[in-house]
Amino acid sequence: MKIALVDSGLGLLAAAAAVRRQRPDAALLLSGDPEGMPWGPRDPQDITARALACARAAARYRPDALIVACNTASVHALDTIRAALEPDIPVIGTVPAIKPAAAAGAPFAIWATPATTGSPYQRRLIAEFAAGATVTEVPCHGLADAVERADARAVEAAVAAAAELTPPHTAALVLGCTHYELVTGPIAERLAHLGPLPLYGSADAVAAQALRRIGAAPAPDAPATGSLLVLAGGREASLPAAALRYPETRSLTGDANQVAASPDRARAIRSS
């Protein structure tokens, strides 16, 4: 089986690693847009055009399913990509894990990019899945860019700034950008004063949904025969150097043991 993932940059790594954990035998295709990254500050038409170009580039390799592993692209481009590729290729979007966080019944915060924070899209999700709950929307200025560069100091600074905006009564945290799932260690450490704080991400749920759409079941004990192909702007490429700083990448390239030992796995990420 072959699963394609689309994002402007490294945000797709978390979902790709989740697919690899659930199906070590799956071939993975990562289609990015390094020249257009980040997509967040762009207007919706530009985001849609760029995400669709990445999806079409991946479609040439005939994947069994395609994951739009980016919250921003899912907001603006998911319907367009589905119209272009389905029913031949099932397309799975990414939604912040607001529903499971709300189900716990405790106050929670949503960390997201400034463009997503307070957006009609996020407000609709809150109204639909967390009506009556105490929810704080926290803009994380510069965090996605810092993760993209694998700049540890910039990550720490952005996480610290977001933590200052997170109320002391917060009992759970929704990671509303796929990039943030790559730095759960620094996030958990910075928020340790709030107690055992569950972190809700989307990667595992998105991976499971992709398998369901193609009629496949998780098989974590399957032989680790899965391959990896990277596209940058539609052309075959190598993973960028920054990607190699993350344990998720090491799982994709064959060193899965380093993922289990990584401090970024110190706090389990709950999923929708």
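**Exercise 1. Backbone outliers in loops**

Task: For Arg-62 in this predicted model, state which loop holds the residue and what sign its phi angle takes.

Solution. Step 1: Arg-62 is placed in the loop that joins helix H2 to strand S3 (65–68). Step 2: its phi is positive, about 55°, although the residue is not a glycine. Step 3: a relative accessible area of 71% lies over the 50% cut-off, so Arg-62 is classed as exposed.

Task: Is Ala-150 buried or exposed, and where is the residue placed?

Solution. Step 1: Ala-150 belongs to the loop between helix H6 (143–149) and helix H7 (152–164). Step 2: Ala-150, not a glycine, has a positive phi of about 55°. Step 3: the relative accessibility of Ala-150 is 11%, and the residue therefore counts as buried, the limit being under 20%.

**Exercise 2. Cis peptide bonds**

Task: Determine the geometry of the peptide bonds from Met-37 to Pro-38 and from Glu-86 to Pro-87, and locate each proline.

Solution. Step 1: between Met-37 and Pro-38, omega is near 0°, and the bond is cis. Step 2: Pro-38 sits in the loop connecting strand S2 (27–32) with helix H2 (44–59). Step 3: the bond from Glu-86 to Pro-87 is also cis, with omega near 5°. Step 4: the loop between H3 and S4 contains Pro-87.

**Exercise 3. Cysteines**

Task: How many disulfides does a search of the whole structure find, and why is Cys-70 not bonded to Cys-177?

Solution. Step 1: the search returns 0 disulfides. Step 2: the closest cysteine sulfur to that of Cys-70 belongs to Cys-177 and is 6.9 Å away, which is too far for a bond, because a disulfide requires sulfur atoms within 2.5 Å. Step 3: Cys-140 is likewise in no disulfide, its nearest cysteine sulfur being that of Cys-177 at 8.3 Å. Step 4: Cys-70 is buried at 8% relative accessible area, and Cys-140 is buried at 2%.

**Exercise 4. Nonpolar cores**

Task: Which members of the largest nonpolar core touch the most other members, and which residues does Ile-187 touch?

Solution. Step 1: the core has 52 residues, among which Trp-111 and Ile-187 touch the most other members. Step 2: helix H1 (residues 13–22) contributes the largest share, 6 residues. Step 3: leaving aside residues up to four places away in sequence, Ile-187 touches Trp-111, Val-159, Leu-173, Leu-175, Tyr-180 and Leu-199. Step 4: a second core, separate from this one, has 23 residues, including Leu-29, Leu-52, Leu-85 and Ile-89.

**Exercise 5. The largest pocket**

Task: What is the volume of the largest pocket, and which helix gives the most to its lining?

Solution. Step 1: the volume is about 450 Å³. Step 2: 27 residues line the pocket, and those closest to its centre are Gly-93, Thr-94, Val-95, Pro-96 and Tyr-121. Step 3: elements supplying at least two lining residues each are helix H3 (71–85), strand S4 (91–92), helix H4 (98–103), helix H5 (120–129) and helix H9 (203–213). Step 4: H3 gives the most, with 8 residues. Step 5: sorted by class, the lining consists of 15 nonpolar, 8 polar and 4 charged residues.

Task: Which residues of H9 are buried, and what phi does Gly-215 take?

Solution. Step 1: the buried residues of H9 are Ala-203, Ala-205, Val-206, Ala-207, Ala-208, Ala-210 and Leu-211. Step 2: Gly-215, just after H9, has a positive phi of about 75°.

Definitions and conventions: Residues numbered from 1 in each chain as written. Predicted model: local features only at pLDDT ≥ 70, side-chain atom pairs only at ≥ 80, totals over all residues. Heavy atoms only, no water. Core = buried A, V, L, I, M, F, W, Y, C linked by side-chain atoms within 4.5 Å. Buried < 20%, exposed > 50% of the residue type's maximum accessible area, 1.4 Å probe, protein only. Helix = DSSP H or I, 4+ residues; strand = E, 2+ residues; numbered from the N terminus. Contact = heavy atoms within 4.5 Å. 1 Å grid on protein atoms, 1.4 Å probe; cavity = no way out; pocket = protein on both sides within 12 Å on 5 of 7 lines; lining within 4 Å. Points joined across faces, edges and corners; volume = space filled by probe spheres on them. Nonpolar A, V, L, I, M, F, W, Y, C, P; charged D, E, K, R; others polar.
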